[in-house]
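Subject: A structure for you to look through

Hi,

Here is the structure I said I'd pass on. Have a look at it first, and then read my notes underneath.

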Amino acid sequence: MEQGRMASMEIKNLGPEDLFLTEVRSSYFQRIEIHKFESINGFDTMSAVGQVLLASHSALVLSPAGYHFMLYRPRQRLVEGEEIPLVLVFSNGLEVRTKAMVSVKGSGHHHSHQH
Ligand SMILES: [Cu+2]
């Protein structure tokens, strides 16, 4: 099992068309996955998903209990309160630059993966 950091945020789609978030990149991490948390028959699992629907005029709230980003293999030492640049890539080719805050609380997070 590989340990990762979790990033939560809210993404809004104010445009007229539905979009899919297909990729998340950051210069700070070697690999970022889009995860979905599910509780199946009492077992809490997280699995990597290829994309997430972001419907027109709606907001997607990323949280540890739903969709979230999992950040693996930091390229540098991370400091509490530091902002990590993230690039969100959408199905229509749109790339949105955003930032996520580093939290020490999230650094020791363990969970199981199912692929
Ligand atoms: Cu996860």
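R73 sits in strand β8, and its backbone is a bit unusual: phi is positive, about 55 degrees, although R73 is not a glycine. Most residues other than glycine have a negative phi. Is R73 buried or exposed? R73 counts as exposed, because it has 12 other C-beta atoms within 10 Å and the cut-off for exposed is 12 or fewer.

N41 is another residue of this kind. The phi of N41 is positive too, about 50 degrees, and N41 is not a glycine either. You'll find N41 in the loop between β4 and β5. N41 is exposed, with 5 other C-beta atoms within 10 Å.

Before going further, please keep in mind that this is a predicted model. The average pLDDT of the chain is 86, and 88% of the residues score at least 70. Where is confidence lowest, and where is it highest? The lowest mean belongs to β1, at 84, and the highest to β3, at 97. Over residues 106-115, though, the pLDDT is below 50. In the model that stretch has 16 contacts beyond near neighbours in sequence. Where pLDDT is low, the predicted coordinates should not be read in detail.

Now the overall layout. How many helices and strands are there? The chain has zero helices and ten strands, so if you walk along from the N terminus you meet β-β-β-β-β-β-β-β-β-β. Of the 115 residues, 21% count as buried. Take the contacts between residues at least 6 apart in sequence: 71% of them join residues at least 24 apart.

You can see that kind of long reach with E2. E2 lies in the segment before β1. Going by C-alpha atoms, E2 and Y72 are 8.0 Å apart in space, yet 70 residues apart in sequence. E2 is exposed, because it has 8 C-beta neighbours inside 10 Å.

Next, the sheet. Four strands make an open sheet in the order β1-β8-β4-β5, and the pairing is antiparallel. Which strands are at the edges? They are β1 (5-7) and β5 (43-49), each of which pairs on one side only. From one strand to the next, the twist averages 40 degrees. Within the sheet, β4 (residues 29-40) and β8 (residues 67-74) are held in antiparallel register by seven bridges. If you'd like one pair to find on screen, try I32, whose bridge partner in β8 is L71.

There is more pairing to look at around β9. Strand β9 (residues 83-90) runs antiparallel to β10 (residues 95-101), with seven bridges joining them. V87 stands opposite R97 of β10. The two strands form a hairpin with four residues between them, and G93 in the turn has a positive phi of about 95 degrees. β9 also pairs with β3, again antiparallel, through four bridges. There, L21 has F90 of β9 as its bridge partner.

Finally, the core. The largest nonpolar core has 18 residues, and those with the most contacts inside it are V24, I32, F69 and L71. Which strands supply at least two residues each? They are β1, β3 (19-25), β4, β8 and β9. β8 gives the largest share, four residues. F69 is a good one to click on: leaving out residues up to four places away in sequence, F69 touches A7, V24, I32, I34 and L62.

If you want a route through all this, here's the one I'd take:

- Start with I32 and L71, since they are bridge partners and both are listed among the core residues with the most contacts.
- Then go to F69 and pick out its contacts, including A7 and L62.
- End with N41 in its loop and R73 in β8, and look at their positive phi values, about 50 degrees for N41 and about 55 degrees for R73.

Write back if anything is unclear.

Cheers

How values were computed
Residues numbered from 1 in each chain as written. Predicted model: local features only at pLDDT ≥ 70, side-chain atom pairs only at ≥ 80, totals over all residues. Pairing = 2+ DSSP bridges. Axes fitted to C-alpha atoms, helices over the stretch in contact; angles between N-to-C directions. Buried ≥ 20, exposed ≤ 12 C-beta atoms within 10 Å, placed from the backbone. Contact = placed C-beta atoms within 7 Å. Core = buried A, V, L, I, M, F, W, Y, C linked by C-beta atoms within 7 Å. pLDDT = per-residue confidence, 0-100.
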